[in-house]
Amino acid sequence: MRAIHTTLLMGAVSALAMAVAAAAQAAEAPAPVAGEVQQVEEVLVTAQKREQKTLDVPIALTAYSGAMLDKLGVQEFDRLSTFVPGFQVQNQSPNNPGFVMRGITSDSGDATTEPRVSVFQDGVSISKSRGSYIELFDIQRIEVAKGPQSTLFGRGALIGAVNVIQNKADPRGLDWSVAAEGGNANYGLFEVMGNLPLSDTFAVRIAGRYKQRDGAIENVLGGPNLGSTDTGALRLAAHWSPTSRLNADLLVNYEADHPTGTSFKSNQFNPTDIATGQPLGDRDPNSPAGLSSGYGFEGGAELGLKRFVKGATALVDYQLTDALKLSSITAARRFQSTEVFDPDGFSLPMFVFAEDARGTQYSQELRLNYDNGGKFTWFGGVSYFDEDARTRVPLQFDERYALNLLTGQLTKPNPQPTAVLTNTTRLAALITALTGGAASGAVAQGIANNLGVHTEQYTNYGSTKSWDVYGDATWRLTDRFELSAGLRYTNDDKSSGVASQVSQRSILGGVLGAMTQGAATRTALLTALAAPGATNIPTSAAYPVPMFGLFAQPTTGNGQVSTQDFSDDGLTWRLVARYKPTDEASLYASYARGRRPKVISAAAPSAPMSPGKFTPVDAETVDSYEVGGKTRLMDGRLSLDGAIYFYSYDNFQTTVQQNAQIITTNAGKAETYGFEGQATWQAASFAEFFATYSYSHGRFKTGVRDGNRFRLSPDHKLSIGSSLHADLLRGRFTFTPLYTWQSKIFFDDDNDIPALQKTNLIPDLVQDEFQKAYGLLDLRLEYQPSFANWKVGAFVTNATDEKYIKDAGNTGDSFGIPTFIAGNPRFYGLTFSLRR
């Protein structure tokens with residue numbers, strides 16, 4: 001198989017090389033152009049730690065300037081990803097995004113998990129999932145580098161990196177702007193920016209955004225619509241350049257997100273009036289849902305998210321000599337998020353969960369760059385990263401409804417009224433059925449009388465202290481040919497921890513635990529669980545019944561933290577050859593090694609009052625082979641970029657869900673190969689066209705998931721758009737239609753195959769957790785007068801009101817009741833902006 005891939009890859013290399021060379025020759029004889037036609041914008045980037053044109057960077061790199069982001073209407077990462085080949089972002093909520101690069105997803109909220117796709121703000125990693133999703137405003141540019149980039153970007157960039165470069169304070173002049181938007185669903189946005197020079201060498205800048213929109217899914221049980229937007233973000237920046245050799249920038253960011261609950265929707269049970277059992281809706285994910293936050297759960301918290309992210313970054317560049325520059329990046333960051341959600345997706349208050357994630361990180365990097373304009377350029381440095389994180393998952397469940405579910409006695413699609421489901425005589429019969437007659441008569445009735453509302457929680461902890469040493473050099477053998485090589489050594493000292501506790505004994509959990517024991521012990525436990533008040537009787541010699549949980553058994557002492565320390569180190573590298581057929585064309589070939597550090601997966605114990613379980617998961621490695629070409633043709637009016645790649649993974653780290661817990665495991669080997677291309681054509685002074693396309697074939701190669709697709713990864717993805725201008729009414733109208741399309745995706749690495757879900761508490765027997773191919777059409781129209789600095793516009797997203805889902809399965813999948821989350825419907829509105 002490897003030989004076949006190699007043959008295909010070499011054939012593709014030859015084809016790509018001939019195509020770029022031919023295009024480059026054509027560029028030397030440009031066609032005549034009627035009128036003045038602008039060139040395609042060429043963004044200067046720093047992916048290789050020095051300022052370069054994208055054409056000169058031998059990486060599959062997509063870069064957009066702030067002006068282009070505004071033109072495309074990009075405010076968040078999920079919107080950005082539609083215009084980047086090989087990149088996908090799933091936004092279930094700001095607290096739970098999924099970043100997907102060339103088929104590989106990074107989205108776990110577990111405190112011990114290492115990211116595969118790194119997200120950066122001005123070179124500072126913000127990759128921890130619960131703190132990585134940020135508002136994109138007042139941006140200088142965004143660079144998305146695909147492929148293993150550990151040498152350039154450090155830890156977490158196993159398969160790529162996204163670097164958001166924010167606008168800095170500028171002492172060269174006063175600048176300010178304001179913008180406002182409004183639309184359907186009570187949408188509103190206000191944005192402001194001010195840049196104030198205080199001297200020739202010092203300036204401050206402030207930028208902020210607030211936006212809100214009602215959720216698209218009505219909650220028939222009352223309260224606000226689900227899936228809303230409520231975000232505020234603020235940035236303060238200062239710049240100081242006391243000499244021509246020294247530049248210093250300080251950036252302080254703060255963001256708060258308070259959306260309403262995520263619209264988890266069951267595909268098995270309708271929203272109902274729980275008192276009467278009458279349906280209040282249907283099971284379509286895009287129709288109203290019936291969700292609640294339980295019985296005073298977490299102090300009466302409502303469904304929704306409270307998330308706060310704040311950070312400070314200091315950037316210092318000092319030009320030691322004309323050829324040597326010292327750079328320092330110092331950063332501190334903290335996030336805190338609490339999200340309450342209804343994971344069963346229907347009206348009965350059976351399950352209510354929350355996730356309380358917190359993290360702090362500190363980092364320091366020192367780097368030397370050398371470039372004297374000669375044959376050799378290099379950079380090298382050291383970095384230190386210190387992170388502490390913990391994720392607490394409290395959960396509440398009503399054992400009476402759960403018993404009906406476990407025994408298959410919830411009527412579909414409209415569950416019975418609560419009076420029926422909580423009837424103790426009925427529950428006693430269900431206990432008898434669940435235990436195969438082991439509990440019957442008075443024992444079954446006693447157990448049924450004790451069933452009630454139970455709460456428990458588990459918490460995982462992760463601590464990392466890491467230092468890196470790295471270097472990268474480029475040797476220009478000729479004016480047309482160069483070689484680059486980079487190496488990074490990483491050393492980690494880590495600690496994983498877990499704690500779980502119960503607020504009282506779970507009677508239902510005790511029944512399930514008893515059924516795993518021998519006959520004598522089973523009978524004794526069931527009899528003890530029937531004692532009046534058994535939920536709160538302390539464990540003692542007289543009452544030797546453990547404090548059972550249902551989803552997570554308590555650790556020693558009902559909440560003691562179990563920890564395990566370990567160390568890990570490894571090397572990553574890259575080798576790149578680049579050839580320039582002409583000044584406006586570039587070919588490259590690269591081999592790189594990426595590495596995801598070893599982790600210790602922590603989980604609650606199997607038996608109550610025991611230490612937590614720890615499972616080592618070996619470091620994941622990927623070998624990447626890539627060839628690509630870039631060119632600018634027709635006097636810079638046409639830009640083409642393409643890359644072909646092949647990845648081979650060892651010790652592929654994936655996650656499996658065991659009851660309510662997400663566990664990291666080793667899935668063995670996996671492979672990905674594909675193609676990415678992007679093109680921009682300035683066809684005329686009034687017309688620009690752009691397009692991206694990616695093909696990504698990612699599959700598991702060993703084990704029970706052999707042949708499965710990678711989750712959230714479409715095989716095909718494309719976007720096409722244009723910017724059309726017309727000079728009318730003493731100004732310019734700009735019309736920007738955008739169309740994006742993707743092929744089928746699965747939402748879990750098990751591809752929802754029933755045979756792979758046997759460990760679920762209730763197996764899911766239907767394969768329906770996928771999204772078929774679909775496309776979205778967005779339209780924007782703007783008017784900019786020639787006599788003023790204001791601009792007005794109108795927009796519509798998902799103009800055809802396409803129905804689709806953006807996630808499926810989720811926590812409910814462990815209980816045989818998967819939930820589905822609707823994608824965004826059609827939104828429209830008006831815009832206004834004013835700039836000095």
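This is a short tour of a predicted model, stop by stop, with residues to select and what to look for at each.

**Stop 1: salt bridges**

Start with the charged side chains. Side chains of opposite charge can pair when their charged atoms come close. Across the model, the count comes to 42 salt bridges. Select E355 and R130, whose closest N and O atoms are 2.7 Å apart. E355 belongs to strand β19 (residues 351-371) and R130 to helix α4, so this salt bridge ties together parts that are 225 residues apart in sequence. E355 and R130 are both buried.

Next, pick R141 and E143, which meet in a salt bridge with an N to O distance of 2.7 Å. How exposed or buried are they? R141 counts as buried because its relative accessibility is 8%, and E143 is buried too, at 2%.

Now add K146 and E676, another salt bridge, with the closest N and O atoms 4.0 Å apart. K146 sits in strand β9 and E676 in strand β31 (residues 670-684), so the pair joins parts that are 530 residues apart in sequence. Both of these residues are buried.

To finish this stop, select E76, E135, E191, R209 and K211 together: salt bridges link them in a network.

**Stop 2: aromatic rings**

Switch to the rings. The whole structure holds 33 aromatic pairs. Zoom in on F77 and Y133, an edge-to-face pair with 5.9 Å between the centres and 70° between the planes. F77 is in helix α3 (residues 77-81), while Y133 is in the loop between α4 (129-132) and β9 (139-146); the pair links distant parts of the chain, 56 residues apart. Both F77 and Y133 are buried.

For a bigger selection, show F264, F341, F351, F353, F397, F551 and F815, which form one aromatic cluster.

Two arginines are worth a look here as well. R213 lies over the face of Y187, 4.1 Å from the ring centre. Over the ring of Y470 you will find the charged end of R488, 4.1 Å from its centre.

**Stop 3: helices α6 and α9**

Which residues of α6 are buried? Select E399, Y401, A402, L403, N404 and L405 to see them. Six of the eight residues of α6 are buried, so the helix is largely enclosed by the rest of the structure. Just after α6, look at G408, which takes a positive phi of about 70°.

Carry on to helix α9 (residues 441-450), where A444, G446, I447, A448 and N450 are buried. The cover over these buried residues includes α6 (399-406), α8 (424-434), α10 (507-514) and α11 (519-529).

Then select T418, in helix α7 (residues 418-421). T418 counts as buried because its relative accessibility is 18%, below the 20% cut-off. Beyond its neighbours within four places in sequence, T418 contacts I274, A275, L348 and Y401.

**Stop 4: backbone details**

Most residues other than glycine have a negative phi, and most peptide bonds are trans. With that in mind, go to K412 and P413, joined by a cis peptide bond with omega of about 5°. P413 lies in the loop between α6 and α7.

M609 is not a glycine, yet it has a positive phi of about 60°. You will find M609 in the loop between β25 (599-603) and β26 (613-617), where it is partly exposed at 33% relative accessible area.

L712 also has a positive phi, near 60°. Its place is the loop between β32 (687-700) and β33 (716-728), and at 2% relative accessibility L712 counts as buried.

**Stop 5: out to the surface**

Select L174, in the loop between β10 (160-166) and β11 (175-183). L174 is partly exposed, with a relative accessible area of 43%. Its C-alpha atom is 6.2 Å from that of P197, 23 residues apart along the chain. Apart from neighbours within four places in sequence, L174 touches N195, L196, P197 and R836.

Last, color Y318, L320, L326, L366, V382, Y384, W467 and V469: they form a nonpolar surface patch with about 660 Å² of accessible area together. Strands β20 (376-398) and β21 (453-476) each supply at least two of the patch residues. L326, in strand β18 (residues 324-341), counts as partly exposed at 32% relative accessibility.

Technical notes:
Residues are numbered from 1 along each chain as its sequence is written. This is a predicted model: local features need pLDDT of at least 70, side-chain atom pairs count only at pLDDT 80 or more; totals for chains, interfaces and linings use all residues. Side-chain values use heavy atoms; hydrogens and water are left out. Patches are made of residues with over 30% relative accessible area and no salt bridge: like charges are joined within 9 Å, nonpolar side chains (Val, Leu, Ile, Met, Phe, Trp, Tyr) within 5 Å. Accessible areas come from the Shrake-Rupley method with a 1.4 Å probe; for residues, only the protein chains shown count as cover. A salt bridge is a side-chain nitrogen of Lys or Arg within 4 Å of a carboxyl oxygen of Asp or Glu. Helices (H or I, at least four residues) and strands (E, at least two) are DSSP runs, numbered from the N terminus. Buried means under 20% relative accessible area, exposed over 50%, partly exposed in between (1.4 Å probe, protein chains only). Contact means heavy atoms within 4.5 Å. Rings of Phe, Tyr and Trp (its six-membered ring) pair if their centres lie within 6.5 Å; planes under 30 degrees apart count as stacked, over 60 as edge-to-face and the rest as tilted. A charge sits over a ring if NZ of Lys or CZ of Arg is within 6 Å of the ring centre and within 35 degrees of the ring normal.
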